[in-house]
Amino acid sequence: MGVLGDIGRRARGAAALFTQPLLPDDLLGTLNPLWSASEPHARVVGLRRETADTTTLLLHTPRARTPHRAGQFVGIGTRLDGVWQWRTYSVSSRPRDPRRLAVTVTAVPGGTVSGALAHRTPVGALVRIGPPAGEFVLPDPVPEKLLFVTAGSGITPVMGILRDLVDTRPHALDGAVLVHCDRTPDELVFGSELRRLAATTGLRLVERHTAAEGRLTPDALADAVPDWAARETWACGPAGLLDALAGHWDRFGDPDALHVERFVAPAPVADPGTGGRVTFTTSGITADAGPGVALMAAGESAGALLPNGCRMGICHTCVGKLRSGGVRDLRNGDVHDTPGQSVRTCVSGAAGDVEIEL
Amino acid sequence: MPETPSAAAHLTDEQVEAIGAELDAIRAEVVDSLGEADARYIHRVIAAQRALEVGGRAALLFSKFPPAWIAGTAALSVAKILDNMEIGHNVLHGQWDWMRDPKIHSTTWEWDHATPAEAWKKTHNYEHHTFTNIRGKDRDLGYTIMRITPEQEWKPSNLVQPLTNFGLSLIFEWGIALYDLEFDKVKDGTKTREEAMADLKTFWRKSRKQFAKDFVLFPLLSGPGFLQTAAANLTANVVRNVWSHAVIFCGHFPDGTETFEEDRLDGETKGQWYIRQMLGSANLSGGKLFHLMTGNLSHQIEHHLFPDIPSNRYAEIAPKVREICKRYGLPYTTGSLPRQYGKVLRKITRLAFPGGGPKADVTPLPARPKPVGTPVRLAG
Ligand SMILES: Cc1cc2nc3c(=O)[nH]c(=O)nc-3n(C[C@H](O)[C@H](O)[C@H](O)COP(=O)(O)OP(=O)(O)OC[C@H]3O[C@@H](n4cnc5c(N)ncnc54)[C@H](O)[C@@H]3O)c2cc1C
Ligand code: FES
């Protein structure tokens, strides 16, 4: 493999002399985007309508990708009105086949991308796809007693985890509990599959229909799962629910036993700071970043092409080195001004004028 | 030095700023309407260019066979022109950055040209587009090697400039590359020797590969057709050079375009900047295919007003800009390529000799409006 890899590299290097200033990959990608190795694409090969506003997209990639771990997410890039947009979606399918994976998208009212993906993507469409990332995964070995708490589209990464467990370690589901909330039984994403799972494995499913029963509170959860404190818990859902759970685990449980996945960035701090002028030294682009405006957003509106992934401080794809000046973490107000420090441009604002290597 | 007033001298301060506001509105309208159709356009042009290049190179593997030589050379010439003009020049201006496509972006693009993209962005996007037609600042005015406005002092060496110009047109890409190294700035001390050496290294790395590809690698692939393929590649390069030289010289040098004094820059407002761009540029008339092959630099006026608006939109803006010019009594210089190029050649020939006035194309400060606010920073 080492020798073959070396020969492959040399062959590509030699071919690049003939195609320069382009790379062979650019020509292949022009012919068929699926052949590009530097901009991995996937084709939508199937669509499953889960509920009125949620659709699962079945994606096929032409070559084996880095396999994901159940619970992780990928970046999905789509061209909307000519502009490439990237958003993050948890993988809802099993990791078994790295060339095929599914994401389950809920259309967010007023959202730029989710509505287009959920409602207006035809079979055969091409999307770009990033490498898997994320820490919302089960450890190995799997803890004895599992609890999952999900609401709405928060079920997606947990569905990936459950499907993987059924496939590889069904005994881990024995005695596991899933508390899943949605407005009505019909709106419950993956409802019938979850009910079938509960019927055929040792998984206990607690459905909560919030239209009738109201939102899930930590107390209601403790009532439904009395031994919650003895369990290792994975939770994903709206920010309000996750914040309440985190507070509850802080006060009455073991905060380390609670793992959360957030789809939306936590509310920014009240004092967004001063703002300032941000210069991206590699692309040479300078932009005004007003108070509370993320450096990434400011740079993008000035035409900078900045690396991005989750756009909320999770995936670390957007990191650049601080050259000079200071930045403020918009989530907690902390100011960082050590030159050479890594800065996540998606959640950092300018604290005065700042230079970032990107 | 006696100078004739500018074609914009009759405008009041308010009119100058009103023109600026109208042009800003045109720009905003185009930027707002960019979308899928534009993205498809540039993808199609890129795909066509790559197909022509691959097809041309493939045909030239059989370059000993004359029809293959002709077809291959023609395809490669067109590919090189498209690569430099409609694609490279415009992508490097950031015209397609709005698509946020890492492959078609001013920070990642490289072109089939001796000048490395980075060097070009500095001397062209920044220096030429900011200081358009300012004598002593806009190096594209060519004052380093030719006398192209009567303000420049005549030197005996100018006598050969029609020949210099012809020679330059043949090797235009190398001329630009050398000129982008800005050795003249080392002489006058505005550039350090180290900077110049670093630029020279980048240039050497890029141009060595360019040279090897056209004159060693592909000819070798053709086996017995080595010389024929090398000749075909040379021809394609020269065709591209002569063509782009003609188009580019017609953009700022024909009769009717003005040049400006350096102190015009002090406190120049956005409105005044726009007017300088309009008076300093000239268009070429022609059909759709012609515009494509000039990289839409046939819409030089619109390009200089809005250097970072996608080129496929200049044609629809042009009538609006022309109408503004008409309404405010400003010239809008345009004509066919042969006509405009004829004027350029006539001027270069005339200025090879001393004199050359009356300086009808020369602009001192027109009744200059008072600076409004801070000087604008200019994109692209
Ligand atoms: C790690 C991670 C995993 C994710 N996994 C999934 C997934 O599996 N399925 C899925 O549907 N989405 C998932 N998301 C959310 C997804 O990335 C997008 O944020 C979401 O699809 C909205 O994108 P949009 O372009 O439509 O909205 P935008 O135009 O980006 O935002 C419009 C408005 O909607 C709000 N908003 C954004 N996301 C949500 C949300 N999820 N719920 C409520 N309001 C929101 C924003 O704050 C904003 O005000 C995940 C996000 C992260 C960070
Ligand atoms: S984009 Fe993911 S951390 Fe910034």
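For the residue classes used in these legends, Ala, Val, Leu, Ile, Met, Phe, Trp, Tyr, Cys and Pro count as nonpolar, Asp, Glu, Lys and Arg as charged, and the others, Gly among them, as polar. Keep in mind that every view here shows a predicted model.

**View 1. A look into the second largest pocket.** This pocket holds about 1300 Å³ of space. It is lined by 45 residues, and those closest to its centre are A:Thr106, A:Val108, A:Ser153, A:Phe263 and A:Val264. Sorted by class, the lining comes out as 20 nonpolar, 16 polar and nine charged residues.

**View 2. Which elements build the pocket wall?** In chain A, β4, β5, β8 (177-182) and α8 (239-252) each put at least two residues into the lining of the second largest pocket. β4(A) supplies the largest share of that lining, with four residues.

**View 3. Ligand 1 at home in the second largest pocket.** Here is where ligand 1 sits. Two elements of chain A, β4 (83-90) and β5 (100-106), give two or more residues each to the shell around the ligand. Of these, β4(A) gives the most to the shell, namely four residues. There are 19 residues around ligand 1, and A:Arg87, A:Thr88, A:Tyr89, A:Val113 and A:Ser114 come nearest. By class, the shell splits into eight nonpolar, eight polar and three charged residues.

**View 4. Backbone atoms facing the oxygens of ligand 1.** Zoom in on A:Thr88, and you'll find one of its polar backbone atoms 2.6 Å from an oxygen atom of ligand 1. At A:Ser90, a backbone N or O atom lies 3.1 Å from an oxygen atom of the ligand. Over at A:Thr106, a polar backbone atom is 2.9 Å from a ligand oxygen. As for cover, ligand 1 taken alone exposes 900 Å², and the protein buries 74% of that.

**View 5. Over to chain B and the largest cavity.** The count of cavities of 30 Å³ or more comes to four. The largest cavity has a volume of about 110 Å³. Its lining has 14 residues, with B:Met85, B:His113, B:Trp120, B:Ser244 and B:Ile248 closest to the centre.

**View 6. The helices around the largest cavity.** Three elements of chain B, α3 (66-92), α6 (172-180) and α9 (226-252), each bring at least two residues to the lining of the largest cavity. The biggest giver is α9(B), with four residues. By class, this lining divides into seven nonpolar, five polar and two charged residues.

How values were computed
Residues are numbered from 1 along each chain as its sequence is written. Chains are lettered from A and ligands numbered from 1 in the order in which they are written. This is a predicted model: local features need pLDDT of at least 70, side-chain atom pairs count only at pLDDT 80 or more; totals for chains, interfaces and linings use all residues. Side-chain values use heavy atoms; hydrogens and water are left out. A residue is near a molecule or strand if one of its heavy atoms lies within 4 Å of it. A polar contact is a pair of N or O atoms within 3.5 Å; within protein, one must be able to donate a hydrogen and the other to accept it, and residues adjacent in sequence count only if both atoms are side-chain atoms. Accessible areas come from the Shrake-Rupley method with a 1.4 Å probe; for residues, only the protein chains shown count as cover. On a 1 Å grid over the protein atoms alone, a cavity is a set of points where a 1.4 Å probe fits but cannot get out, and a pocket is an open set with protein on both sides within 12 Å along at least five of seven lines; lining residues have an atom within 4 Å of a point. A molecule sits in a cavity or pocket if more than half of its atoms lie within 2 Å of its grid points. Grid points are joined across faces, edges and corners, and a volume is the space filled by probe spheres set on the points.
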